[in-house]
Amino acid sequence: MRKLRGFLVLVFAVALVMGGTALGEETIKIGMVQPLTGPVSFGGNTLLNGARLAVEKINDAGGVLGRKLELVPEDGQCVPPKSVNAAEKLIVRDKVSIILGAYCSSSSAAVKPVTNKYRVPQITGVSTSSKLTEKDTEWFFRAQGTSAAYANAIGPMLKKMGLKRMVFLVINDDWGRAVAAEFGRAFKAEGGKVVETFIFDRKEKDLSIYLTKARSLGVDSIVTACYTPHCIAIAKQAREVGLKAKILGEGAWTTAPFYRGAGAAGDGILGFVEYVYTLDNAMNRAFVAKYKARHNENPTKYSAAGHTLVNIAAQAIQRAGSADRKAIRDALEKTNYDGLVGNYRFNQVHQAYGFDIFITKNEGGVPKVLEVVRIKKP
Amino acid sequence: MELAIQLTVQGLIIGCSYALIAIGLTMIFGLMDIANFAHGEFYVLGSYFAFTVAKMFTLFESVIANYFLGFIVGTFATIGFGVILDRLIFKRLRGEPLLTATMATIGLSIFLANSIQAIWGHWPRQMPSPFGLDPFIWGPVVMPPVRLFVLVVTGLCIAIFHFLLRHTRLGKAVRATFQNRESAALVGIEIDRVYRWSFATGAGMAAIAGIMLATFMPMDPVSGGFATLKAFIVVILGGMGTFVGAIVAGLGLGVMEALGGGFIASDYKDGFGFLFLILFLLFRPQGIFGEE
Amino acid sequence: MKVSRIFGGLVLTALLLAIPWIVPDDYILHLIIYAGFFVMLASGLNLLVGYMGQLSLGHGAFWGLGAYCSALLALKQGWPFWLGLPAGGLLAAVFAILLGRLILKVRGHRFVIITLAFQIIIQLVHYNWIGLTDGQNGLAGVPSPTLEIPGVGKIDFFSKTNFYYLILVFCVITVYVCYRVANSRVGRALEAIRENEPLAESVGVSAFRYSMIAFVLGAFFAGLAGSLYAHYTRYISPDVFDFLHIVEMLTMVLLGGRATILGPVIGALIFTGLPEALRFVPNPFWGLSWAPGHLVTSKALPAELQLMVFGLILLLGVVYMPEGIVPWVRKRFGRRPVAQAGEEAHPE
C-alpha cells in the first residue's frame, strides 16, 4: 500500500511540476527547437539572436494581424530524442502555430513525424540532408539549399577555375558525404577527375594524414565539408605538410572563430557559403549593424537563417489571415520572400529556391565575395 | 614508398601522445586496479589550463614565453588537480568492486567533461603556437617544427620517467607496489604515498600530451572520452601493467591508424584499433609484453 | 496480508490502465511512453548487471540493433510491425549469443572493455554502411504499428493513447519475465556467482551457462524495446548507439536498485522524468555575461549543467548508495526485512 501511495504521490508531483503554464491569448506563438546548449550551441544561439531581431522589428511595426509575435524557444541540443520532447512540449503545451527547427538534420528528421502527426508546419533553415525533402513533406519546409543544389550551381565554376584533379576531405555525416557525392558528380560531369575521397570522424582533429596523401597524389584541389574546428585544422595542417593545392568547399571558412583559430593560414581559402556579413544590400547592412550593436560580433549564417525563418513565417501568417496551423501551411506554399540573400520560394516538395549562395575568398581575415550564384528551382 | 614513410612518421608522432597518456593509465590501472574512465579528462584539462594562462592571461609579450609558461603551469595545475581528485575520490574507490569503481569514474568523466565545457565554452581553442607553420623537409619526410617538438618532449618525458622509476627510492617503491601490494606494505612502503605520486605522474603525462597536441590541433572539451578509449586500447594491447608495452603499443597504434586511414579506409580508421583490441582481449589478453 | 496485496495490485492495475485519462496532456503521456522503453531496457540489463554483477557497456548496441532491424524490415521489405518486433528481438539475441560465446568467460575489466568495443564497432558500422542504414541520415518514415482484428476492425497505434497500452503490455511482460527469472534457480545462481564465483562453480553452477541466459534474455528485451522505439518515433538514426544512453540505462539499474525488480522501473521513471523536468527550471545564468559582450541569452538550463549534475549523481550514488533507491527506501521505511545474501527480497 505504501508503495502504491508513493506511486500516486509521484504521479501527482510530476503532474504538478509540469503544471500547465498560462497561455497568452494575445500573441501568436512561434516555436523553436534549436540547440541552445551543448556542442553546437554557438550556432543555435546565434540563430536565436537573428530570429529575435526579426521578431522585434516586426513587433515594432505593429506585429502580424494586429497581434504580437512570441518566440518560444526550446532546447533540442541537436539530440533527436530531446528535440522530439521539445517539439511535443511546444505543440501540445504551448500550442504554437509553427515550429522552426531543429538545426541538425537528424533532429529535424526526428521532429518531422511529430509535426506531421499534429499537423503543424515546420521550417528548417539549417538542415541540409536531402532526405528531408524527399518524401512526407506535407508539413515540412526547408528554407535552405541542399548540397545537390549547391553542387549544380557551383559545379560549372570549378571548371572555370581550371581545376582538374581533386580530392574530397569531408566530415563523416550526412552533410559531408552529400557534399562529396554531389560535388563529385557535378565535377565529373564537367570532365574533372576525383582522385580520392577522405572521410574523417568528427572527433578527429588531426587531418594531416589525408593532407599528406593528397599532396603525394598531386591533386590541384581539395574540396571540403568541415565544421569550425576541422576547418581550422585543415587550414593549419595543410601548411604544415607543405600542401600546395587549392582548398575550397563548404564549411565554416568565413566564421569568426575560424579566423581567430587559423589566422594567416586561413587566407586564400575559398568558401561556398550561404551568407556573408559583408553582403552589400540595404537589408543586410541594417541587419549587421543592429546585430553587431547588440551582440558585439558579426552575424553568422545561422543568425541570417533565424532572421529568414521568422520573416517567412510572419509573412505566411499574414497571408493566411489567421494563426491556424493549416492555413499557415497553405500560405507558406505561396511564399515569395525577399531576404538577406535573395528571394525565397518553395517548390512542390517544399524545398526553397531562388536565393543566392556565394563563393568567397579569405583575404586578411575577411571574406571577400568572388561570385554570386543563384539557386535554381530543383 | 614515400607516402608510407611519411605516414609512418606522422603515426609515430600521434603515437607519442598515445604512449604518454597510456603510461599514466597503466599506473592507475596497474597499481590501483581501477579502470579509470576519467583519465582522458586530464589530457583535456592540461590543454585548457595551459590555454588559460597562455592566451587568456597573456602575461608576456612574446608568444614563446606565454606558451612555455602555459605549458608549465598547465602541467602542474593538472597534477595538482589530479592529486586532489585522488584524495577526494579515488582513495574512496580503492577496494570497491569493479562495478562501483568503473561507474564512478564514468560519472566523474561526465562531470568533468561538461564542467570544462561549461567553463570554457565549446569554441574551438588552440594553444598559441610559437612554432612556424612551414615544415622541415628531409627527403621523403615532411616535418613541421611543432611535431618535432612533440617527439623531443615525449622522448624526454619517457627518459625522465625511466630514470625516476629505476634510480630513485620512490621509483623503487612504485615498482615494488606494482609487483605485490601486500608485500610492499609489509616492508614499510607507504602505499598511499605511492598512489598519490603515481596518480600525479599519470595526470601530468596526460596533461603534457594534451598541451602538445593542442598546439597543432583545435581543442575540444569533449575529447576526453576519445583519449581515454585510445589509452585503454593501448594499455591492453601493450599489456596491462607494463610501461614498455604502453610505449610500444602507443606508437604502434599511431602508426597503424595512420597507415590504415591513409591506405585502406578513412571512415573506418578508428575501427582498426577496436578490432585489434577485441582480438587481443580474446586471444592474447596479456597483450604484447604482459605476463599472465 | 494477502488481501491488501491483491487490492493494492488491483488499484495499481486500474491506475496503469487509466493513465492516458489521468495525465494532463499528451506531452506527459509521451514522456511516460519514453520511460516505458527504458523500463524494458533497464529490467533486461539488470539481470546481468544487477543480479550477476557484471558490467556490460554493450546493451545499447542490442537496443539499436533491434530498432534498425525492425525499421529496415518494415521499410525495405514491407514487413508488418508484428513480424519486425520479434525479428528485432531475435537479431539482438543472436548477436548476444555469438558475442556471449566469445566473451562471457572473461571477467573483470576485460569484459567491460570488450562490451564497450562491441558497442563502438556496431555504432561504426551503422554510421558507415550507408548502403544499408543510410548512415547519419537515419531511417525516416518507419510506419506505426496497426492491428487488424477480424470482426472488430483496425486498431492503429499512431495515437499516443493506443501506443501507451502497447508499451504497457510489453513492459508488464518484460518485468514479469525478469521477475520469474530472478526468483527462479537462474536468479539464485546469478546471485551466487556474483557473491562468490569459485564457490558457485565448485558446486556445479556454471557461470558461463547462467550468464549466457541473463545476457541473451536482456539482449532480447532490448531488441524488442528497440523495435517498439523505432515504430513509435518513426525515425531511427545511429544516435541510438550513443554512449550516454548506455550510461543512462546503467544508472537506472544501479541507482534504481540493482538485483530488485522494482529498481529498474523506478530508475527508468526517475531518469527519464528528471531531465525533462529540468526543462522548466529557469537558467540561473541567464542574463549574466560570461565574456565581454556575450550574454547568456538562453533561458534553458544548460545541457552542460544538467550533465554535470547527472555525472555527480552517478558518481556519488554508486559510492554512497550502492544498492540503489528502492532497497534504501525499503530499509528506511522498514517495509519488509531486507534480503540476506543469496535469498531473494520479495519483489513486487
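A: Let's start with a working definition: a disulfide is a pair of cysteine sulfur atoms within 2.5 Å. Keep in mind that this is a predicted model.

Q: How far apart are the sulfur atoms of A:Cys226 and A:Cys231?

A: They are 2.1 Å apart, and the two residues form a disulfide. The torsion about the S-S bond is 95°, and this link is right-handed. A:Cys226 counts as buried because its relative accessibility is 1%, and A:Cys231 is buried too, with a relative accessible area of 0%.

Q: How many disulfides does the structure hold over all chains?

A: Two. In general, a disulfide is a covalent bond between the sulfur atoms of two cysteines. Here, another one joins A:Cys78 to A:Cys104, with 1.9 Å from S to S. A:Cys78 sits in the loop between β2 and α3 of chain A and A:Cys104 in the loop between β3 and α4, so the pair ties together parts that are 26 residues apart in sequence.

Q: Strand β3 of chain A leads into that loop, I see. Which of its residues lie on each side?

A: The general idea is that in a regular strand the side chains alternate between the two faces of the sheet. In β3(A), A:Ile98 and A:Leu100 are on one side, A:Ile99 and A:Gly101 on the other, and all are buried.

Q: Which residues stand opposite A:Leu100 and A:Ile99?

A: A:Leu100 is the bridge partner of A:Met32, and four bridges join β1 to β3(A), running parallel. A:Ile99 stands opposite A:Gln122 in β4(A); β3(A) and β4(A) also run parallel, joined by two bridges. With helix α4, β3(A) and β4(A) make a right-handed β-α-β unit.

Methods. Residues are numbered from 1 along each chain as its sequence is written. Chains are lettered from A and ligands numbered from 1 in the order in which they are written. This is a predicted model: local features need pLDDT of at least 70, side-chain atom pairs count only at pLDDT 80 or more; totals for chains, interfaces and linings use all residues. Side-chain values use heavy atoms; hydrogens and water are left out. Buried means under 20% relative accessible area, exposed over 50%, partly exposed in between (1.4 Å probe, protein chains only). Two strands pair if DSSP finds at least two bridges between them. A crossover is right-handed if, with the strands pointing away from the viewer, the path from the first strand over the helix to the second runs clockwise.
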